[in-house]
Amino acid sequence: MRPQTDAFRGSLDLLVLKTLSLEPMHGWGISQRVQQLSNGVLDINQGSLYPALQRLEKSGLVSSDWGTTDNNRRARYYHLTAAGRRALKDERESWKRFVAGLDAVLGSA
Amino acid sequence: MSRLAAARARLRLLFSRRAANARADEEIDFHLAMEAERLMREEGLSPDEAGRRARVAFGGVTQHREALREGIGFGWLGGFALDMKVGFRMLRKYPGLTIIGSLAMGFAIWVGAVTFQVLSLIVFPSLPLPDGERIVQVGNWDLESQGVDGRALHEFLDWRGRLSTITDLGAYRDVTRNLITADGDARGVSVAEITASAFRIAPTPPLLGRTIIAADELPGAQPVAVLGHDIWRARFAGDAGVIGRSVRMGDEVATIVGVMPDGFAFPVAHESWMAFRPDRHEQVPRGGPAISIFGRLAPGATFESAQAELTTLGRRTAAAYPATHEHLQPRVVPYAKGFASISGSDLGFLTVIYAFVVMLLVLVCSNVALLLFARAATRESELAVRSALGASRGRIVMQLFAEALLLGAIAAVVGLATADYALRTWAVRFLEVNQGPMPFWYDIGLSPTTIAYALLLTLLGAAIAGVLPALRITRGLGARLKQGSAGSGLRFGGVWTAVIVAQVAVTVAFPTVLLVERRMIASAADDDVGFRAGEYLAARLDSDSLDVRYGAALEELRRRLEVEPGVRGVSFVNALPRMDHPGEYVELDDAAGAAGQGMGGVPATPSVVRTALIDPSYFDVLQSPVVAGRGFTAAETASGARVVVVDQAFVDSVLLGRSAVGRRVRFIDPRQTDPAHAAMQPWHEIVGVAREMGMRSITDTRRRRVPGVYLPADLADAPPMHVVIHASGDPLALAPRLHALAAAVDPLLRVSGVQRVDQVADAMLWIARMWLRLSLLLTGIAVLLSLAGIYAVLSFTVARRTREIGVRVALGASRRRLVFAIFRRPLTHVLLGVAVGAGLIVLGAIAAANGDGGMARVEGGFSVLNVALLLAYMVVMLAVCLLACIVPTQRALGVEPTEALRAE
């Protein structure tokens with residue numbers, strides 16, 4: 001898997017994957033959902049979502065197609081690939097380990 | 001699965017950069033619109049304010065757009081495009097380098113493309129016929145003679161009924177016939193006596209009338225002829241009413257039944273077609289005329305299955321006729337390959353040619369590499385800065401490669417365009433002079449394969465010229481960067497020294513080759529044949545029957561020609577002056593002649609002489625009477641008397657100046673070791689001495705004088721002769737009468753190669769001059785490139801020492817000493833190169849002077865003028881090298897020491 005050099009980038013990818021695991025969605029929808037899911041705590045710079053989506057698509061974790069929104073706008077819809085689902089599971093594990101490790105460090109202090 | 005998806009995503013992005021950009025723009029616009037709508041809806045903002053807030057929430061829109069573009073995956077290509085742009089600027093900035101570099105590489109590509117095209121025509125011929133790759137040639141391979149035995153009529157008739165793996169089996173016989181039109185004009189045309197199946201193999205519909213049909217092959221069928229387009233236009237003025245007309249083909253009258261369209265020349269390069277009539281020939285095993293058999297692989301059959309069936313049939317024939325067929329094996333080969341059989345040794349030869357071409361390219365490109373290296377060295381600080389700004393080594397190498405590639409691209413365009421032109425204008429003529437008419441499948445223009453090959457060569461060239469210097473210059477760039485003085489660490493190593501020395505040597509030695517070539521051509525062109533050749537018309541006379549009928553026809557032709565106005569005399573000879581004459585070995589009758597006079601030094605080994613069979617009137621008609629003794633008499637010709645006339649060269653080189661008349665010679669075969677063999681050969685008495693009259697052929701460059709022996713020709717028992725007509729006016733004006741008279745005398749008598757006697761060598765001279773022009777071009781480019789390379793490298797090495805010179809001047813070094821110090825190394829290189837070059841010339845001269853074993857011998861070595869020319873040329877070379885040093889030295893000496901130091 002990709003090296004976890006950047007915690008934020010890693011977490012953003014994780015959030016996107018998690019969001020898309022519910023249903024295919026367009027970029028703006030993803031940003032709204034991420035905000036909702038994190039109760040506004042993770043108020044990400046909306047624009048940085050797109051390079052992340054491009055990165056995920058290039059590594060084959062998501063794929064995209066043109067679709068139409070409820071109010072008849074053309075939009076790019078992203079959905080998880082099988083590899084994406086596997087990656088989500090893996091990353092969730094490693095995230096949990098990371099958080100647990102962090103907890104242990106913080107708890108012992 | 002994920003890899004596949006990833007690859008797909010990458011590919012999609014890669015191949016639709018524009019679409020991907022548009023998509024990114026659309027997604028961002030969509031996002032901003034949605035966000036603005038939300039803000040208006042949820043927070044009741046005005047559209048303007050909502051739009052502003054949406055952009056703020058998004059973050060730097062332009063920045064993200066850029067990030068997306070970067071991510072599309074064309075970053076490297078964008079960089080490459082930039083490299084190309086920079087490369088193009090560099091080419092414009094250094095026009096000299098651009099011109100010389102592209103000229104040199106273009107020339108190498110030209111040579112590569114032309115050789116590849118010509119060789120691929122021979123090695124990989126392809127037939128422009130439907131199903132061309134399934135059309136085959138079948139023949140009897142003779143294991144004893146290692147060749148195809150053409151006398152296969154017996155088998156053809158057998159196979160035609162039996163073979164199941166080959167359909168449309170046909171045969172043709174190659175003949176030349178006199179086509180005599182109603183006005184009496186007679187010209188030989190190449191006729192294929194061919195079976196009707198040929199027009200199923202090559203199913204081109206006739207332009208007029210019909211083709212040969214099966215009924216024409218039957219015994220008793222009326223003779224018919226189908227004309228080719230060229231003949232129809234030239235001999236019948238393109239008359240559409242020609243169908244149904246009778247025409248004389250040799251001693252047969254045929255009805256013209258069809259005209260084929262332009263370009264049709266099946267089976268090889270034929271001009272007209274008649275029916276093949278098996279009933280007219282002997283059909284015994286291994287009898288009858290030489291024929292060629294062709295066909296098409298039956299549906300489902302392969303070469304292997306066809307060969308298997310033929311082998312079975314061949315075994316059966318061999319069992320039935322062991323006397324004739326023991327060593328014969330039927331073989332099937334692809335049609336076009338049957339004409340250009342490539343043996344193992346030929347392939348070796350072709351490999352050598354390829355190796356030569358690639359070597360030429362490597363040589364030329366290393367030269368260009370030298371130039372690029374010298375220039376790249378002057379850009380070292382630029383490269384260092386790029387490296388400091390984070391450019392990887394690969395990135396910098398890529399940039400230099402792009403520049404070389406651009407140079408190569410210009411070179412490829414120039415090289416391919418001129419190659420196409422050269423092939424179309426010269427190659428056809430060149431090949432036809434050497435090989436006769438081209439088979440119809442020889443398409444001489446550049447093929448796509450050749451173009452692909454040339455582009456590959458270009459890439460290879462660009463790699464040599466661009467990547468090599470780039471690797472060299474980027475090595476240790478970081479370390480030099482640390483020292484803070486780019487430019488001082490770069491040196492020309494031993495390899496470059498060797499390159500420079502070799503370069504100078506080759507440049508010095510090369511023009512000598514030209515000098516030699518020029519001399520050969522001049523000596524070939526100006527050879528005096530001893531009579532006024534321009535006043536004579538000559539033509540070759542062929543016939544299907546070289547016997548009494550031929551002799552009678554020649555005598556009758558002479559009688560009729562002699563009464564023609566404008567004809568002063570007529571004679572016959574088997575080889576015209578300057579043509580190749582048959583060579584023989586002769587032995588002198590010294591026991592009877594010279595021994596009594598005690599002559600020492602008479603050559604004991606047999607002498608090589610050229611021979612000619614002449615009509616007794618030859619010397620008279622050529623107005624070149626014998627200088628001693630007498631010529632032949634008509635009685636001697638008829639009785640087959642053993643008399644010869646020798647020429648002055650024979651007297652000088654074989655008899656060493658002794659009197660010839662009355663002496664005897666005999667012709668021997670030096671391969672016969674049995675002494676009895678020579679003793680059995682009859683003696684011929686020398687009755688006269690003639691002047692030297694072109695016994696030396698145009699291709700005979702080894703000797704200036706060739707001893708000749710004339711023998712009397714019995715026209716009724718002679719090989720095909722040439723008629724020589726002395727004209728009082730323009731000889732060529734007699735040509736139409738010659739054609740008409742020959743046809744009237746005997747319809748089988750074919751006249752060809754009508755020309756003035758002084759034109760005999762023209763075709764060969766044309767080729768020789770072409771080669772000279774080609775070598776001139778090659779030399780010009782080599783010299784130009786060498787001089788440019790030497791200049792660039794020398795001026796670079798001097799310029800590199802600007803700082804050192806500055807320091808020395810500041811320390812008070814004398815100018816003389818400085819100049820000496822600067823010039824020492826480059827001058828050593830150049831002098832070494834000139835010395836090696838001069839050594840090469842001397843070696844070449846020695847080899848040429850002693851050249852017996854197949855090597856062209858240059859008579860007389862080098863004249864004073866030639867030596868002077870070469871010396872002058874070397875002085876010019878030295879001057880150019882000095883100039884290359886002087887300009888940067890002066891620049892270095894001219895600047896103030898402080899400035900020189902600061903410049904670094």
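These exercises, with worked solutions, cover the contact between two chains, a sheet in chain A and two residues of chain B.

The model is predicted: local features need pLDDT of at least 70, side-chain atom pairs count only at pLDDT 80 or more, and totals for chains, interfaces and linings use all residues. Residues are numbered from 1 along each chain as its sequence is written, chains are lettered from A and ligands numbered from 1 in the order written, and side-chain values use heavy atoms, with hydrogens and water left out.

**Exercise 1. The interface**

Task: state how many residues chain A and chain B give to the contact, and what area they bury between them.

Solution.
- Step 1. Count residues. Chain A supplies 26 residues and chain B supplies 26 residues. Contact means heavy atoms within 4.5 Å.
- Step 2. Take the area. About 2500 Å² is buried between the two chains, 56% of it on carbon and sulfur atoms. Buried area is the accessible area (1.4 Å probe) that two parts lose on being put together, summed over both.
- Step 3. Find the main contributors in chain A. Trp28(A), Tyr50(A) and Lys58(A) lose the most area to chain B, together 30% of what that side buries.

**Exercise 2. Polar links and the chain A side**

Task: count the salt bridges between chain A and chain B, then say which element of chain A gives the most to the side that touches chain B.

Solution.
- Step 1. Apply the cut-off. A salt bridge is a side-chain nitrogen of Lys or Arg within 4 Å of a carboxyl oxygen of Asp or Glu. The count is three. Glu26(B) and Arg74(A) form a salt bridge through their side chains, at 3.0 Å from N to O.
- Step 2. Assign elements. Helices (H or I, at least four residues) and strands (E, at least two) are DSSP runs, numbered from the N terminus. Helix H2 (27–37), helix H3 (49–58), strand S2 (62–68) and strand S3 (74–80) of chain A each give two or more residues to this side.
- Step 3. Pick the leader. H3(A) gives the most, with five residues.

**Exercise 3. The sheet of chain A**

Task: give the strand order of the open sheet in chain A and explain why one side of S1 and of S2 is left without a neighbour in the sheet.

Solution.
- Step 1. Check the pairings. Two strands pair if DSSP finds at least two bridges between them. Strand S1 (residues 25–26) of chain A runs antiparallel to S3(A) over two bridges. S2(A) and S3(A) are also antiparallel, over seven bridges.
- Step 2. Name partners in S3(A). Met25(A) bridges to Tyr78(A), His26(A) to Tyr77(A), and Ser63(A) to His79(A).
- Step 3. Write the order. The three strands run S1-S3-S2. S1 and S2 of chain A stand at the edges with a single partner strand each, so one side of each lacks a neighbour in the sheet.
- Step 4. Inspect the hairpin. Five residues lie between S2(A) and S3(A), and Asn72(A) has a positive phi near 60°.

**Exercise 4. Two residues of chain B**

Task: decide whether His325(B) is buried or exposed, and do likewise for Val842(B).

Solution.
- Step 1. Set the classes. Buried means under 20% relative accessible area, exposed over 50%, partly exposed in between (1.4 Å probe, protein chains only).
- Step 2. Classify. His325(B), at 3%, is buried. Val842(B), at 49%, is partly exposed.
- Step 3. Locate both. His325(B) lies in helix H11 (residues 322–325) of chain B. Val842(B) belongs to helix H26 (residues 815–849) of chain B.
- Step 4. Add surroundings. Beyond its neighbours within four places in sequence, His325(B) contacts residues including Asn140(B), Pro285(B) and Thr317(B). Val842(B) and Ala509(B) are 333 residues apart in sequence but 9.5 Å apart in space, C-alpha to C-alpha.
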